[in-house]
Amino acid sequence: MNAPVVGAPLLLRTSVKHEARSFAPWIAIATVLSASSVLVYPWVFPTQADREGLAALVGANPALGLIFGPAFDVSTADGFNAWRTLALGGLLTALGAIFVVTKATRGQEDSGQAELLASGVLGRSSRLLTAVSMGAIVSVLVGAVAATVTLLCGGGTEATLLLCATYTASGWMGTGVAAVTSQLGAEARASSSMAVAIMGTLFILRGFAYSVEAPDWALWVNPLAWMTETKPAVENTWWPLALAVALTGALLAVAFVLQARRDFGQGAIAPAPGPARGSTRSPLALALRLNRGTLVAWTLGFAVLGIVFGYFTTAITDLLSGDAGIGQILASGASTPADLFGTFVATVISLVGIIASIACVQIVLRVRKEEMEDRVEPLLATPTSRARYYASNVVVALGAALAFLTIAGLVIAGFASSADIGVTYGQAFGQALATVPAVWTVIAVAVAVVGARPHVSIAAWAGVLLSFGLTLLGPTFGLDDWVLAISPFYHVPAIATSTVEWTGLAVVTLVGAAFVAIGFAGFRRRDLATT
Amino acid sequence: MSADELVIETDGLVKMFGRFTALDGLDLAVTQGEVHGFLGPNGAGKSTTIRVLLGLLKANGGTARLLGGDPWADVVELHKRLAYVPGDVALWPSMSGGEAIDLLGSLRGGLDDARRAELIERFELDPTKKGRQYSKGNRQKVAIVAALASNAELLILDEPTSGLDPLMENVFQEVLGEAKERGATVLLSSHILSEVETLADRLSIIRAGRIVETGTLAQMRGKARTTVHATLAREPVAAELAGLHDVQVDGTKVTATVDADGIGDAMTLLTGYGLEALAVAPPSLESLFLRLYENDDDAAGAR
């Protein structure tokens with residue numbers, strides 16, 4: 001066998017056995033997304049009129065396109081599935097692959113596990129080969145399981161196979177990106193953040209490019225747009241998948257070259273020595289310090305998001321006037337242009353809020369990670385009360401949400417107020433601030449979980465998942481209002497419309513406060529994790 | 001010993017992790033101003049005891065008093081008066097060792113800057129390295145400097161020297177001696193006898209979540225057995241050797257251990273068989289510990 005990869009098959013077998021459980025959520029989410037589309041479609045949209053209504057709904061809220069991409073044809077179950085899941089399914093698969101690859105490379109090095117392995121009979125490149133193989137395997141599993149279940153649920157053969165193949169191809173590209181970033185970052189977290197940031201940026205840019213009907217080159221420079229261009233259920237174009245395979249190969253080649261050059265446990269960028277004396281002297285300062293990199297990166301991210309979404313609001317009049325469905329809604333007097341624009345701005349800012357809640361839930365989960373890695377124990381052995389320690393981190397998370405929405409809100413309001421859509425600067429910025437309590441409530445769910453039930457810390461994402469699912473997917477499922485109302489974002493009033501109702505938001509805030517109280521009560525009472 | 005002299009006092013302490021009993025009625029008493037060795041094999045419950053004393057874990061039963069307060073309820077007040085070195089020191093990857101020392105010191109209400117500098121010098125610690133670049137021993141040094149640069153009246157040290165080289169272990173012993181002179185009380189956990197032998201005034205030995213022996217070194221030595229190697233003129237009758245411990249008979253050669261108060265009887269017994277050669281090894285604590293540790297295996301096996 002080739003010396004650099006000696007031992008890789010054995011390591012791969014052991015690793016897959018060990019990590020198989022962590023594959024499951026990614027496979028499950030993509031499968032549920034895809035299979036549920038074909039299952040519910042005939043049920044929710046039984047008649048031709050319903051399906052036209054759906055097309056009008058999608059057309060009327062171009063903000064949806066930012067996340068889902070273009071709706072080429074939602075008049076069939078497969079077309080609906082392609083619109084609803086191609087972008088998300090691919091992104092999720094890529095994220096799954098990124099986490100698997102990073103954990104198997106830098107994660108192992110950070111934890112010291114890799115040292116045990118590397119001292120065994122193992123070639124220099126075996127661990128990276130194992131990691132990328134795992135990334136490739138999880139991607140294939142997502143595609144294969146989602147395709148099988150979707151076909152069993154009645155999906156069309158070619159459309160389903162192509163759609164699920166785009167999940168796998170996106171996962172492979174994620175694998176390639178993570179393989180490279182794993183060679184660059186100073187530690188596992190930095191590596192995975194870098195990869196996630198790259199895929200997230202491409203994702204947003206894709207939605208933006210399609211929504212503003214950007215020129216073709218803007219699509220073809222974006223690997224994620226290649227996936228959209230396969231147009232499952234409409235044109236069924238297979239060849240863009242070859243581009244994804246080629247890109248993955250190129251990225252892996254770069255990764256293996258970089259890997260051969262770097263030192264074990266260190267990235268391409270060597271850490272500089274730190275100061276001999278410290279200025280971090282309180283739990284709050286520590287929480288800020290530990291999240292500094294993340295906060296700076298997300299702050300920049302939200303400024304960019306503000307520009308993208310803000311620019312998008314200026315294009316809304318063109319987009320809406322070109323849509324026949326909207327014309328009907330307006331002509332029938334069911335809605336005024338001002339209401340329509342107000343709702344649109346509210347939706348765009350809700351999207352910003354949901355993305356902000358992802359960033360902030362991560363900050364709360366960091367508390368658990370620190371605890372698991374024994375770094376909370378020495379802090380709590382000092383005269384720092386548990387409440388104070390936890391509060392410092394929660395304050396950083398809540399403050400970050402406020403900062404992110406303020407930044408994005410300022411930028412979006414600038415664009416929106418100049419767009420002549422009847423929304424003032426104050427209204428748009430006020431909309432961003434009104435969204436903050438909803439984001440806080442989503443964060444509060446994570447505060448409750450990490451504080452009171454840390455063993456199921458994955459449940460900290462429940463708020464994000466519910467908000468995302470109900471706010472963005474809920475309407476296309478034809479869910480009742482009371483179900484949609486579970487999402488805190490449902491209660492954010494659209495300030496620029498004629499009817500503004502604050503009661504719901506007040507209730508949401510109270511619910512959030514209750515979750516925070518549960519979290520603190522739990523954190524004060526429970527055992528600290530021991531290893 | 002009056003109750004107000006006790007810095008640490010636990011009574012029937014019980015801690016369960018699910019169905020596993022980590023502490024099974026632990027009674028530990030540490031008096032003011034002493035260095036108390038807390039010995040036991042791996043997994044006996046040393047760290048669990050310490051974490052309960054620090055209010056990091058909540059006991060399921062029994063009582064614990066620390067510096068006259070409740071370690072769970074009075075966390076902030078008590079922690080102002082103590083310093084802790086964990087057994088497994090984890091540092092923040094992005095922070096230098098110096099920053100970690102200052103963070104922990106600040107949270108405790110400030111460090112003695114002169115002593116901080118002196119300790120860094122004596123332990124030959126580079127405070128500018130980042131968390132992950134330190135070896136295990138150097139991470140340990142960061143935690144030791146952070147703890148000992150304070151003026152805490154109680155030091156709780158969980159296997160503090162694991163990972164230190166012999167030279168640094170000597171430095172540690174010196175520094176700990178100085179802390180003792182200042183009047184600090186020390187709870188020093190370890191699984192190696194020699195580590196605590198030089199410093200400890202008293203010892204408690206924990207096994208399977210209970211204290212099985214406690215006392216001064218001299219009292220412990222009294223409980224240790226003398227080892228006897230004898231060559232006899234004729235083969236002994238096994239039943240007659242029942243008064244001895246750990247008896248091994250190889251023809252006329254006998255090896256056995258004898259309690260301190262049974263040496264006379266053992267000599268009388270062996271002389272009866274005609275002593276041809278005799279070697280007696282004095283009682284060693286090491287053998288006492290090995291005996292106690294071995295019993296732990298038996299106890300674990302029986303469960």
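Which residue stands opposite B:Val228 in β13(B)? The answer comes in the fifth of the views below, which are drawn from a predicted model.

**View 1. Here are the two domains of chain A and the contact between them.** The domain assignment splits chain A into domain 1, residues 1-262, and domain 2, residues 282-531. Their C-alpha centres are 25 Å apart. To the contact, domain 1 of chain A brings 21 residues, and domain 2 of chain A brings 22 residues. On the domain 1 side, the elements that give two or more residues are α1 (8-44), α2 (48-60), α3 (63-68) and α8 (188-211) of chain A. Look for α2(A) in this view, as this helix supplies the largest share of that side, with six residues. Sorted by class, the domain 1 side has 16 nonpolar residues, four polar residues and one charged residue.

**View 2. Chain A meets chain B here.** On the chain A side, 27 residues are in contact with 31 residues of chain B. Two elements of chain A give two or more residues to this side: α12 (283-290) and α17 (377-380). With four residues, α17(A) makes the largest contribution. If you like to think in terms of chemistry, the chain A side has 12 nonpolar, seven polar and eight charged residues.

**View 3. This view takes in chain B as a whole, with its 10 helices and 13 strands.** The C-alpha trace of chain B spans about 70 × 40 × 35 Å along its principal axes. Of the 303 residues in chain B, 44% are buried. Take the contacts in chain B between residues at least 6 apart in sequence: 69% of them join residues at least 24 apart. Chain B is assigned domain 1 (3-221) and domain 2 (225-282). The C-alpha centres of these two domains lie 43 Å apart.

**View 4. An open sheet of six strands in chain B fills this view.** Reading across the sheet, the strand order is β5-β6-β7-β3-β8-β9 (chain B), and the pairing is mixed. At the edges you will find β5 (82-85) and β9 (210-216) of chain B; each has a single partner strand, so one side of each has no neighbour in the sheet. From one strand to the next, the twist averages 15 degrees. The partner of β5(B) is β6(B), residues 154-158, and these two strands pair in the parallel sense over four bridges. To find your place in this pair, start at B:Val85, whose bridge partner in β6(B) is B:Leu157. Lying across β5 and β6 of chain B is helix α5, residues 136-148, which runs at about 175 degrees to β5(B).

**View 5. Strand β10 of chain B is shown with two antiparallel partners, β12(B) and β13(B).** As a reminder, strands of a sheet pair through backbone hydrogen bonds, either parallel or antiparallel. Strand β10(B), residues 226-232, is joined by six bridges to β12(B), residues 253-258, and the two run antiparallel. Within this pair, B:Ala230 stands opposite B:Val254 of β12(B). Six bridges also join β10(B) to β13(B), residues 275-281, again with the strands running antiparallel. This brings us back to the opening question: opposite B:Val228 in β13(B) stands B:Val280.

Methods. Residues numbered from 1 in each chain as written. Chains lettered and ligands numbered in written order. Predicted model: local features only at pLDDT ≥ 70, side-chain atom pairs only at ≥ 80, totals over all residues. Domains from an automatic or database assignment. Contact = placed C-beta atoms within 7 Å. Nonpolar A, V, L, I, M, F, W, Y, C, P; charged D, E, K, R; others polar. Buried ≥ 20, exposed ≤ 12 C-beta atoms within 10 Å, placed from the backbone. Pairing = 2+ DSSP bridges. Axes fitted to C-alpha atoms, helices over the stretch in contact; angles between N-to-C directions.
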